[in-house]
Each structure stands twice: as C-alpha cells, then as structure tokens.
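The following exercises are intended for a reader who is new to this structure. Each task is followed by a worked solution.

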Amino acid sequence: MAITHLKTAKPESERAEDDAKVRAVVESTLADIETRGDAAIRELSAKFDKYEPVEFRLGASEIEAAMSKVSARDMEDIKFAQTQIRRFAEAQRASMTDIEVETLPGVILGHKNIPVQSVGCYVPGGKFPMVASAHMSVLTASVAGVPRIVASAPPVNGAPHPAIVAAMHMGGAHEIYVLGGMQAVGAMAIGTETIEPVHMLVGPGNAFVAEAKRQLYGRVGIDLFAGPTETMVIADDTVDAELCATDLLGQAEHGYNSPAVLVTNSRKLAEATLAEIDRLLRILPTAETASVSWRDYGEVILCDTHDEMLAVANDIASEHVQVMTDRDDWYLEKMQSYGALFLGPRTNVANGDKVIGTNHTLPTKKAGRYTGGLWVGKFLKTHSYQKVLTDEAAAMVGEYGSRLCMLEGFVGHAEQCNIRVRRYGGRNVPYGEAAE
C-alpha cells in the first residue's frame, strides 16, 4: 500500500505569519468598535468600502428601490433557490421534536427546542457578492423561528447590492445593514449606538471576518469557525480529467488560498487532470485567482486502494467532498469527517452552494471532524426541564441525590435533597448528613 503526492500545497508554517497579522488587526478593530461605536464603524466603512451613508440600516423604501433593480429572471431564480432551501430546512426542523417522558413514577423529564432570540447574518460582498449566503443564513434562521434576524453585507460599487438585498428581504431579515467586513461582524456582536447587539453570528467571510467571529465567540454564539473554501475530488477511472479539473477549479476561484485536492487511485486520471487544469487555467476568466490557489494550495494524491483514499479523505476532512467512483454509496457509508458530500458525476458543489437546497456554510480546517455545517438546528437551543409530581418520587430520588452529593463533599447540595426527604418522605435526616 502506498500514498504518493504528485502535487503538494505549501506547508502550514508559511501560513502562520499571515494568520498572526490578521489576528492583531482584528483585535484592535474590535476594541475600537467597543470604545467608539458608530464613529468607529463609520470610519472603517469609509476606509475599506468608500461608503458613508446617513444610515447603514436600509429603510423600507430603500429595500424596495434596491429590489426594483433586480431583473425578473434573477428574481425568479432567487425564488427558486429559496424554495429549495426552505423545503429542506423545514424538513430538518420537523425532525427536531420537543420530548417529555416519565422516567420513573412521578418523575417527568423533557426538553424544548427554543430559537436563539437574535442572530446576525453576514453576507460577503467584494469580488464575488454571495447572494446565496443570504438564503443559507437568513432563510434558515427564519425557518427556525428566530424572532430578530439582522443581515449585513458590504456595498458593491458604492451602493447596496440589489440581489443581496432582495435575498435578505425575501429570506425574512428584520433589519438590513449595508456594512461590510469585520466592522459589520463587530457591530452586530458588540452593538453600537444605532445597532442593538445580537446573540449569535453566522455566515462566511474573508480571513478578517472569520477571525472576528473567532475572537467574539463566547460573547456571542457562532455557527462555526470558517476558513477559506476547500474542495476535494475523490475519483477513480469511471470519470474523466475534464470533470475532475472543472470541479477543482470551480472552488479554487473563491480566493487566493482555497485548497483543492484530488484523491484518486488512477495515475492516468491524476496526470491527465494536472494537464487539464493547466489547459483550463488558460481560458478560465477567474484564472487570476484560481491559478494562485491551485499553485499554492492544490494537491494531487495518488492511492493504491479505495480504503487508502477513504483514510486520506477522512484525515483531510475537506469542506466539500465530490465523490465520483464506482462505489459512491460506500463512501457515503464510510466517510466520517467532511463538510458536505456531493455524490456522483451528475452532482456538483456549485449546485450545493447556490440552489439545490442543502446549506453551503460548512466546516473548514478539519472542523468536519467534530461539527457539521450550518442548518436549522444551529439556531435552536435544546433546553431540558424536570418535574417531580409525587411525594414518593421526591423522597426516593432525594435519598439517592443526598448520598451522591455527600460523596462529592457538597453538603449544601445534599441539603437540597434532604429537605425534600424530610418534607415529602417523613424521614428525619440529620442536618448535613446523607440520607440513609
């Protein structure tokens, strides 16, 4: 058995210096927002987006004006995508039920699924205004029943992006802000004179947005720690190089640091894909970005067997995993660490990103080992409750509780149990002692 790297990415050590710089910038920016509020975000908006409106929040007439600029075809496409995403989110929500069970006579235990009360949804703009991210965050939060949904995206060419505003509004946003980057994330989490803080932040973004969410985690909840877009193609000789190369470059165009990995047991396919990527980079309009990602973060890993391919894939835990083999369902059964799977040559990551119905906010940087992506359940908190209905149950459970509390040395805890044993069980338990 052998695993051969026909192409490797630059080492992690070369990426650490960039991360440290981002960390320092974000830390000082968040401190400035906390100290100066609206004045700080106004300066940041002018500096980074050249945008200085009277108000960052859009009023009803401004939302209507932006939406009027969206073509009929684009509006229908947005509606179609949101219908698919809503259907899947509603099915997911229906699978999460409140429960109540009687575990012992007179002892009732249960849990309730309660929506987070306010959420800030960030939608990236910049080179690629990500309309689909509005569906994924805002609409999913709406299906979960979040009562206050705040959405923010940067201006594009000095104005609100019409399609993003339309997607936010149609998805169910209660407040829409034209504010970008770490200043938007910081303002939504920390709050300013004009922006009430939220309880949770969701949505993808650049390195500064991701780092801001990391630093704010704990003060607010977040969906997940997100890094640059990642894609992996697992393929054998049932598919061709053009398909593999297209699926790799389709995600490499996201940014200059988007890992794209081919894992295959076919040397012929591996070498042909390398050649096909070179060919496509000569004609791809976004090659300026994709070529840098492929040069610095692209990998081709040749394995002997599907078991080796599976082991490599689970170790890398890529955000998007495109499986095109003679045993796709075997990978569905065996894969343990990933963001989302895209099974078969007819399936592709772009459809998952934009329209098919699953959520595209997914774990990166190996986080697929311990979490899945954004979904309706991320906006719900599962809270337990207990009821003891009978004297007999109160005394019986109290006896066990008393002894277990004393075992740990918690006398005050034990007395919470003992007083119930005395009152409801008629037992004379000495103060500060375990119930016998």
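**Exercise 1.** In which loop is Glu 408 found?

*Solution.* The model is predicted, with local features needing pLDDT of at least 70 and side-chain atom pairs pLDDT 80 or more, while totals for chains, interfaces and linings use all residues. Residues are numbered from 1 along each chain as its sequence is written, and side-chain values use heavy atoms, without hydrogens and water. Glu 408 is in the loop between α15 (391-407) and α16 (411-425); helices are DSSP runs (H or I, at least four residues), numbered from the N terminus.

**Exercise 2.** State whether Glu 408 and His 413 are exposed or partly exposed.

*Solution.* Exposed means over 50% relative accessible area, buried under 20%, and partly exposed in between (1.4 Å probe, protein chains only). Glu 408 has a relative accessible area of 59%, so it is exposed. His 413 belongs to helix α16; its relative accessible area is 40%, so it is partly exposed.

**Exercise 3.** Identify the members of the largest nonpolar core that touch the most other members, and the helix that gives the most to this core.

*Solution.* A nonpolar core is a set of buried Ala, Val, Leu, Ile, Met, Phe, Trp, Tyr and Cys residues joined through side-chain atoms within 4.5 Å. Among the 69 residues of the largest one, Val 119, Met 168, Leu 201, Leu 216 and Phe 379 touch the most other members. Helix α5 (residues 131-144) gives the most, namely eight residues. Apart from this core lies another, of 21 residues, including Cys 244 and Leu 248.

Technical notes: Helix = DSSP H or I, 4+ residues; strand = E, 2+ residues; numbered from the N terminus.
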